[in-house]
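Biologist: Could you take one part of this model and go through it closely, at the level of individual side chains and strand pairings? I would like one connected account rather than a list.

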Amino acid sequence: MDNMNSTVEKSMEDIEVESEVDRIEEMRRARFKKRALRNFAIIFFVALIILTFFSNTIMNYSLPEVTTETVYRGSVSQKVRCQGAVEVSLDQEITVSGKRVVKEVFFEDGDTVKEGDVIMTFEEEENTDLKDAEEELEQLESDYEKQTLRVGPDYSEQLSSISAASDEVTVAEAAVEQAKVDEANLATARAELDSLQAKYDEKFAEVAPLTEKFNAINELDREQQTPEDQEFIDEYSTLSGDLDIIKNDLDNKSGEVASLEAKPTVAEAEANLAAKKANLESLQLGLVSKKKEDSVTAQTNAIDDANAEKKIDKQKDKIDKLKDTDDYKEIKANGTGIISGLSVKPGDTIDADTQVASIQLADSGYVVSCTIPKRDSQVLKVGNEADIENLWGDDVSATIRSIKADPSNPNQQSIVKFEVKGNVQVGETLQFAVGDKTGKYDTVIPNSAVKEDSSGKFVYVVKVRATPLGNRYITKKVTVDVQASDTANSAISGDVSEYDNVIINSSKPLDDGQQVRLTDK
């Protein structure tokens, strides 16, 4: 018994030991799972951060790269500066109005001439330019007369066709109404024909059985016939006569039905009416189209006539000018000065409107020509007064006489010519400053920041947006007005403040609200 109890106690201890071991193993497994889950979470979040970083880095490199400048408070000067050498003012040109042959030349290049001096003479011959101009005028007038001999538009044929088509439509409309009447009459006639046919069949059924008896009695001699036979014959004749009358009415009605059936149906009449109306509409549209074409032709002809008249008037003015300035005998100086550019010699042929020389008039004043960028010339106007920065005193003044494209680089440069008055020397260099005075402004930006589209001028302002992964730089398109501008900067007004950053350069085209990245600068 004691051994049994001892065995039982030992078994219970073994069970408790095994249970404790299982419990420890279960705790060890739980700690392992928890540690593995924690490690997995750490690895996952590290990978997520690394991927996010690299994805943002890749995205940043795909964004437009922009350069910005800070809006500041400052001054803008619209003055344009340039310099040039003093020259004698624009020479007085000497030209001939027609083609000429030089006979004698009395001066050389650099000689001084007085007003009225004969510079050169020409061979006495017909002014071929005047003759050519008169012949051209004659041809222009002849062409104009032929041009105006036009026949006006005639629509009589179209109107006649439309009138005939309109009559056909009226007839077709009446035919439709008649077809409707005929259709109603046909229905009535058919009903009457059916009634007569039934009446005939009924009477025929009454007469037919008596015919054989009638024929038999009718073959007997009169003396052989009884009074009953005579009475039968009279009765049969009456019935037969009635049948003939019905048969005649039936034949007439059958003919009437056949005649009505031969007439056009309502559907056929309506189809014919539709065709006639379509033909009429087509003719009317054709007339409208023809009138439109003729109207365009008339307007074109009017323009051609007006242009021809202008050419004739211009040619007449040319002839009058040639007649008024017909200097085929000689050229005289029309002012006192130094002759220049004279290179012709006796025997040379000079074409019409060719400059043969020029006279530097003694009292014509001075000019200075400067070459400036074309964009700078856009802020200047003829008549603007210029400051001469390398001279002191009020005895010399300058104004802009002309602004023209530089023939050597017309797309990039302009030539500004100043008229100078006062005590200056030919060849002296003058430095000019021209344009509006310097002004103070609250918002000044580089010219390269100002853009323009169909809606007007605008700038892109960079706005900063904070995110958990860092700052984002977003563009904002802001409409502005340029208050003043010089060769480098512009003063603007709009939804832009001092210390805002505006984009002055971008690696790609930009849109409003687009994310960008800043240059390393």
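Modeller: I will start from Phe418, which, leaving aside its neighbours within four places in sequence, is in contact with Cys82, Tyr366, Val367, Val368, Cys370, Ala386, Thr399, Ile400, Arg401, Phe432 and Val434. Please keep in mind throughout that this is a predicted model.

A second, separate core of 18 residues, including Ile94, Val96, Phe122 and Leu342, will be left mostly to one side, since the largest nonpolar core, with its 19 residues, is the one in which Phe418 is listed among those with the most contacts, together with Val368, Leu380, Val420, Leu430, Phe432 and Val434. At least two residues of this core come from each of strand 3, strand 12, strand 13 (385–388), strand 14 (397–405), strand 15 (413–421) and strand 16 (429–434). In soluble globular proteins, nonpolar side chains tend to be buried together.

The strands that supply this core also form a closed arrangement: six strands make a barrel in the order 3-12-15-14-13-16, with antiparallel pairing, and from one strand to the next the twist averages 40 degrees. Within the barrel, strand 3 (residues 80–88) runs antiparallel to strand 12 (residues 366–373), the two being joined over three bridges; one residue of strand 3, Val86, has Val368 of strand 12 as its bridge partner. Val368 therefore appears in several roles, as a bridge partner of Val86, as one of the residues with the most contacts inside the largest core, and as a contact of Phe418.

Elsewhere in the model there is an open sheet of four strands in the order 8-7-5-10, again with antiparallel pairing, whose edge strands, strand 8 (330–332) and strand 10 (349–350), each pair on one side only. Inside that sheet, strand 5 (residues 100–105) and strand 7 (residues 118–122) are joined in the antiparallel sense over three bridges, and Val105 has Met120 of strand 7 as its bridge partner.

For comparison with the strand regions, the helical part offers a group of aromatic rings. The structure holds five aromatic pairs; in one of them, the ring centres of Phe214 and Tyr236 are 4.2 Å apart and the planes lie at 20 degrees, so this pair is stacked. Because Phe214 belongs to helix 3 (residues 156–219) and Tyr236 to helix 4 (residues 227–262), the pair ties together parts that are 22 residues apart in sequence. Tyr236 is buried, its relative accessible area being 8%, and the rings of Phe232 and Tyr236 also stack, with centres 6.4 Å apart and planes at 25 degrees. Phe232 and Tyr236 are four residues apart in helix 4, which means that about one helical turn separates them. Phe214 counts as buried as well, at 14% relative accessibility, and Phe232 is likewise buried. Ring pairs thus link Phe214, Phe232 and Tyr236 into a cluster, and the charged end of Lys213 sits over the ring of Phe232, 4.4 Å from its centre.

A similar placement is found for Lys477, whose charged end sits over the ring of Phe458, 4.4 Å from its centre. Finally, Tyr499, in the loop between strand 21 (489–494) and strand 22 (501–506), has a positive phi of about 80 degrees although it is not a glycine, and with a relative accessible area of 61% Tyr499 is exposed.

Technical notes. Residues numbered from 1 in each chain as written. Predicted model: local features only at pLDDT ≥ 70, side-chain atom pairs only at ≥ 80, totals over all residues. Heavy atoms only, no water. Pairing = 2+ DSSP bridges. Axes fitted to C-alpha atoms, helices over the stretch in contact; angles between N-to-C directions. Phe/Tyr/Trp six-rings, centres within 6.5 Å; stacked < 30°, edge-to-face > 60°. Buried < 20%, exposed > 50% of the residue type's maximum accessible area, 1.4 Å probe, protein only. Lys NZ or Arg CZ within 6 Å of the ring centre and 35° of its normal. Core = buried A, V, L, I, M, F, W, Y, C linked by side-chain atoms within 4.5 Å. Contact = heavy atoms within 4.5 Å.
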